[in-house]
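The report that follows looks at a strand and its partners in one chain, at a pair of packed helices and a loop residue in the other, and at the contact between the chains.

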Amino acid sequence: MLPLLLRRLSLRHARLAPGQTALLVLILALGVAVFTAVRLANRAAVSSFTHFTDTLTGTSDWIIQAPAGRLPEAVLPELRAALADLAVQIHPVIESTGSEPAPTASPAEADAGAGANADAPPRFGRRTYTLLGVDLVAIANLAAQQTAADPFFRDGGGGGFFDLFGPEPLVWLSPAYAPTPPGHLDLIVNDRPVRLRVAGLIPRATDGPAAPVGLVVLDLPRLQRLVGREGQIDRVEFVLEPGHALEARRAEVSRRLTRLALAAPSASSASAHHPPSITHLPSSDPQPSSAPRWLVSTPGGRRDTAETMTEAFRLNLTVLSLIALLVGLYLVFQALDGAVVRRRAEIAILRSLGVDARVIRFAWLAEAAVLGLAGGALGLLLGWAGAQVAVRAVGQTVNALYYATSVQAAQLAWPEAALGLAAGVVASVLAGWAPARAAAETPPAQVLVRGAPGAIGGRWLRSWPLALGAIALGVALTRLPPLDLGGGTRFPLGGHLAAFCGILGGGVLAALAIPALGRALRPLAARGASWRVAIGHLLRPTGRHRLAAAALVCAIGMAAGMAILVASFERSVRGWVQSALQADLYLSSAGAQSATADNRLAPATWRALAAHPAVAKASIFSAYPLTLDGKPTTLGGGDLADQSGRDGFLWVGPPPPAEALDPARNAGLALVSESFSQRFRIQRGDTLTVPTPAGPRTLRVAALFADYGNERGTVLVDRTHTTRWFDDDHATSISLDLLPGAVAETVRADLLAAHPGVSIFTNSSLRAEVLRIFRQTFSITYALQIIGLAVAVVGLALSLVSVLLDRRDELTTLRALGFRRSEIARATAIEGGVLALCATAVGLALSFGLGWVLIHVINKQSFGWTLAFSAPAAQLAALAVLVIGTGFGVSYLVGRWGAALPADREE
Amino acid sequence: MKYQPPLHFLLSVFCAFCAFCGQPLRASEIPLRTPDGFAVPQPGPAFTFPRDHGSHPDYKIEWWYLTGHLFTADKPTPRRFGFQATFFRSAAPLATAAHPAPAAFGHDQIHLAHMALVDVATGRFLHQERLNRAGWDAAASTTTLDVRNGDWSLRFIDAASEKMQLVGGIRADARFTFTLTPAKPLVRFGEAGYSRKGAAPTAASYYLTFPRLALAGALTLDGVELPVTGQAWMDHEYSSSQLDKNQVGWDWLSAQLHDGRELMFYALRAADGTLDPASTLTWIARDGTLARAPFLWQPLTTWKSPHTGAIYPQRIRLTTTDPESRAEVVFIIEPFHPDQELAGKLGGVTYWEGACRLLAADGAELGSAYLELTGYDRALTVLR
């Protein structure tokens, strides 16, 4: 029975209205595509965070890393002694970054010296390479290397084993970078350009991931030297030998590492740097000090940290991407409901022939599911294509805010594909649920009541209590605290639910407003028959009208809300940039191209830069990555008095007391960024303890400042203190005030000629660059808005098609009364245009609420940035004109098409 | 073949067994340095101990090579094991090592180590190799015997009595700490420890051996600690020489007889299958006196390695003359187990090094031995 029913009922329907079916599938596909594209792009951006050592080691069992600063090499013999009986390999690692050099013009111009690249406007975002330093001799002991398909060393061609020890440092590149390696690699490392000889390609360890495209491997001591970190290592990785009691030994290694972290460095490692034999365990129980010297983690733990770091950002994008699908859901509901209404007679006949109501219901659901499946499948293809574009946008944001990623392409992953397909089917079946029930409930007698309006959606969409209740609930939900995802990441669930409630309430409100608008337009009825017909329909809107308006409200509300968020953000960033960027020139290592780049200026370099005769004053800033409560953040050292004196801070709340800015009195005081305050729940007056190589320091928060450049948060103290704590005089960036009369561009060209590895921005170029990066990070949200709007407008057209199909009798009557085709089209245009107008009005009103939720709840809870509310009037007006105009136009075309419909109904 | 340098270790093992060959050279013909700048062993060495038990980084190649037999205290039949513990040092080319390197990650010396253990009762054979640069995780003292590679080490615990401690293991499966005490004084092979290796003036090494060390300690196998005693043989040799072009490999034997004497034998196999004239058998008397003797080396059976496909001789008949009785004696060298092959990944060379029984022709057990067979996997042409 069912197959026959499906064939005769559903298939025939699809065959008879192929255009409508195709459009529905397309809309669903678009919704699924946006959702899938964003998820794929997110996935690619996250999976591009590689624990790079895995490429070489397979997977390490444990990793230790200093909570701040680096570990001295002296810990290595200490670790060997402590773990002597556990059959564990100990691999020290140093990691840094370098960037590709800025493109230079012709060699001739480069030779011309000064101003070779001074004229090119500087930009961030050049490719960042991860430089990984491991002991290339010792890693041969790893099982993963011994079974690797390719060797690190090949004799002949300068890549042989002992070439490793030659005078020239060698690098190995990822096969993804170039299948056949180039002869050398040019990089900017810290403050100078370097040319490194390429020895070969990085062999892939057994069970290890393929080397990511930006990975560059060097022998550990060579990288130490290259980045000026002799005697220091970033982390130590532990790989247990297989065999007896592996799990017990793994646990024991972790236990001893944790215990040893709390012990003072043992005398043996402190006095004799490299004792020839260490066969004893530390003799006495060492003195525990208050802070661990290192933190013990696993590669999986590091990946998880990277994932949670970007989780809020990715979740927000995913939710945004659901708008198109949500609008699509409205439309499928529309279309199926329309079909049920139009085919009532048919259903009634089937019922009177004794077909079971459940079978009919199932047939309709099956039709919805097939629609969803087709839309989902098409959506996957579109989504995969879209992801290739989206991945760059997502990658840029991740790069700017979180960690270096070089992701270029998104793979279609099965979980995402399944989810996309499921989203399509679920949305479709969900939308088809009520129409299917309505179909099943059609009484056999219905055959006599042709074309009676099916008031399915209409019932909800005429409910004032629902509209007001949803909005009230939404307002209440904004009070909810964020959901803690762990690792310092919080998800504003309440905010998202509030937005959803707002959209729902707004949609119902718009539906309710249609007859009111119709009444308001009554005076215009005198202008002609088309107006009268249109107003007549608007006074008694069907569920279909109401649904179309609601779908439009959803799309407009979100698009305009996002526009408000972006505008507010931009205004705040502008204000911050204006306040924070006061100096004439800003200098940093040209190697620092992403959030995690750790390229810095050597003391000699920044002193030379600051000593330029045109420089009136130099302000030095040093940043140190830090792990606090297991979350990555930054400790900054700067000249607070100087920066504050120039209004360089945008205080959130009251400014700090005077002593906080005086290096002689501000030991123990800190300024924290607003994001830091949010992430670590630290307020003004609270104390926090930061780990430093010189031991933990307890700091009291003197004030909060705005910093839109760093989502991870910053603790800022006077540089006099960080220089001492970290025993380090490198600069992350310096800003120069020039003497009156000096021309910034000229000084910049001067400095660049002497220091080609330094990136120099003038005040105006840095401001422009900050705003460019800012807009770039929002580029994907623009795309999502446009797609959502497009779907909604198409949806309006589709609704009107449904309406006209429902009204075939009326159209026939109108034609019989002498209505011309253009008059019918005009009537439809007015009907659709007014719907669009109504939806736009409600949508814009709603967008202010949504904008407020986005700014003060969703953004604040996810990222911790305070933004000043700013509505982009011109942009919103343009949006309104566009939607209303398109609404009129599309409706006119639908009307023309409808006017030509044959009178008999063959459906 | 991933790492080239360790080849040189085995290459020098090869050279070591040429210790007695060639004609006497006048001292004036012997250069002080090899063409690549390493020190050349000179005749009439004046060793100072314990310094010369330590490392000699001026020379290109050096090793401390221990083999031995272990017995548990189980009654009535103790469990028996054979072990090998070898520490190699190889100097990097002087030119590449000229620029400075940090102490923790040196690049002047490379340290390779091999450990192996065979359970005589079950035939279970464990082995592991380890490669490190001189630095925080591998080192060799230049003042006394103290070499280390990861958590493996060999050092004097009392230099005066030449009592040493060996700490080794094979991954997580076996771990051992042995105290080794000379039961017989140090032997200097060649001319008072200067051993010639071939016609080339630079072809020589310094060759010092403890032919019999009393061993006591603990072997932890699969987490179970077994107290053990036994005896071991230790070679210490250093040189800067290169391999002869005609050779494909060598067979080497150290045997400790129950009567208190030892014998050391090596045969250099030429490409045409003949034994090099430099192949030698040396008896060590109870008082440490050395005596060379004629020999006949006759492999009786072979074993094909399932790991590499190499075919190794197994039961070997060795016929020689007893320097005390002047009578001909026949020994049968019988490996406890055929599979004692070290298929090296780091060294790039596969060889067989195994614990054997030393039997008389009538099957009576006369002592224990360690047999080394190289160049059977493939000719060691890569060493030339």
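Two strands are taken to pair if DSSP finds at least two bridges between them. The model is predicted, and the strand pairing in chain B is described on that footing.

**Strand E12 of chain B and its partners**

Chain B contains one helix and 25 strands, and 52% of its 384 residues count as buried. Among the contacts of chain B between residues at least 6 apart in sequence, 60% join residues at least 24 apart. Strand E12 (residues 204–221) of chain B is mostly covered, with 13 of its 18 residues buried.

E12(B) forms a hairpin with E13(B), in which two residues lie between the strands, and B:Asp222, placed in the turn, has a positive phi of about 50°. The table lists the pairings of E12(B), giving for each the residues of the partner strand, the sense, the number of bridges and one pair of facing residues.

| Partner of E12(B) | Sense | Bridges | One facing pair |
|---|---|---|---|
| E9(B), residues 174–182 | antiparallel | nine bridges | B:Pro182 and B:Leu213 |
| E10(B), residues 187–188 | antiparallel | two bridges | B:Val187 and B:Thr209 |
| E11(B), residues 194–196 | antiparallel | three bridges | B:Tyr194 and B:Tyr206 |
| E13(B), residues 224–239 | antiparallel | 15 bridges | B:Leu213 and B:Ala232 |

B:Leu213 of E12(B) is thus the bridge partner of B:Pro182, and B:Leu213 also stands opposite B:Ala232 in E13(B).

**A helix pair in chain A**

Two packed helices are described by the angle between their axes and the distance between the axes. In chain A, the axes of helix H26 (residues 779–806) and helix H28 (residues 821–863) come within 11 Å and cross at roughly 135°. H26(A) and H28(A) are therefore oblique to each other, since an angle counts as roughly antiparallel when it is over 145 degrees and as roughly perpendicular from 65 to 115. The crossing of the two helices, H26(A) and H28(A), is right-handed.

On the side of H26(A), the contact is made by A:Leu796, A:Leu800 and A:Leu804, while H28(A) brings A:Thr828, A:Gly832, A:Leu835 and A:Ala836 to the contact. By class, the residues of this contact between H26(A) and H28(A) divide into five nonpolar and two polar, with no charged residue.

**A loop residue of chain A**

Is A:Arg540 buried or exposed? A:Arg540 has 11 C-beta neighbours inside 10 Å and so counts as exposed, the limit for this class being 12 or fewer. The residue A:Arg540 is placed in the loop between helix H18 (529–539) and helix H19 (543–580) of chain A. A:Arg540 and A:Gly338 are separated by 202 residues in sequence, and their C-alpha atoms are 17 Å apart in space.

**Where the chains meet**

The contact between the chains takes 39 residues from chain A and 39 residues from chain B. On the side of chain A that touches chain B, helix H4 (75–82), helix H7 (220–226) and helix H8 (246–262) each supply at least two residues. By class, this side of chain A has 20 nonpolar, eleven polar and eight charged residues.

Key:
Residues numbered from 1 in each chain as written. Chains lettered and ligands numbered in written order. Predicted model: local features only at pLDDT ≥ 70, side-chain atom pairs only at ≥ 80, totals over all residues. Contact = placed C-beta atoms within 7 Å. Helix = DSSP H or I, 4+ residues; strand = E, 2+ residues; numbered from the N terminus. Nonpolar A, V, L, I, M, F, W, Y, C, P; charged D, E, K, R; others polar. Buried ≥ 20, exposed ≤ 12 C-beta atoms within 10 Å, placed from the backbone. Axes fitted to C-alpha atoms, helices over the stretch in contact; angles between N-to-C directions. Parallel < 35°, antiparallel > 145°, perpendicular 65-115°, else oblique. Left-handed = near helix turned anticlockwise from the far one by under 90°.
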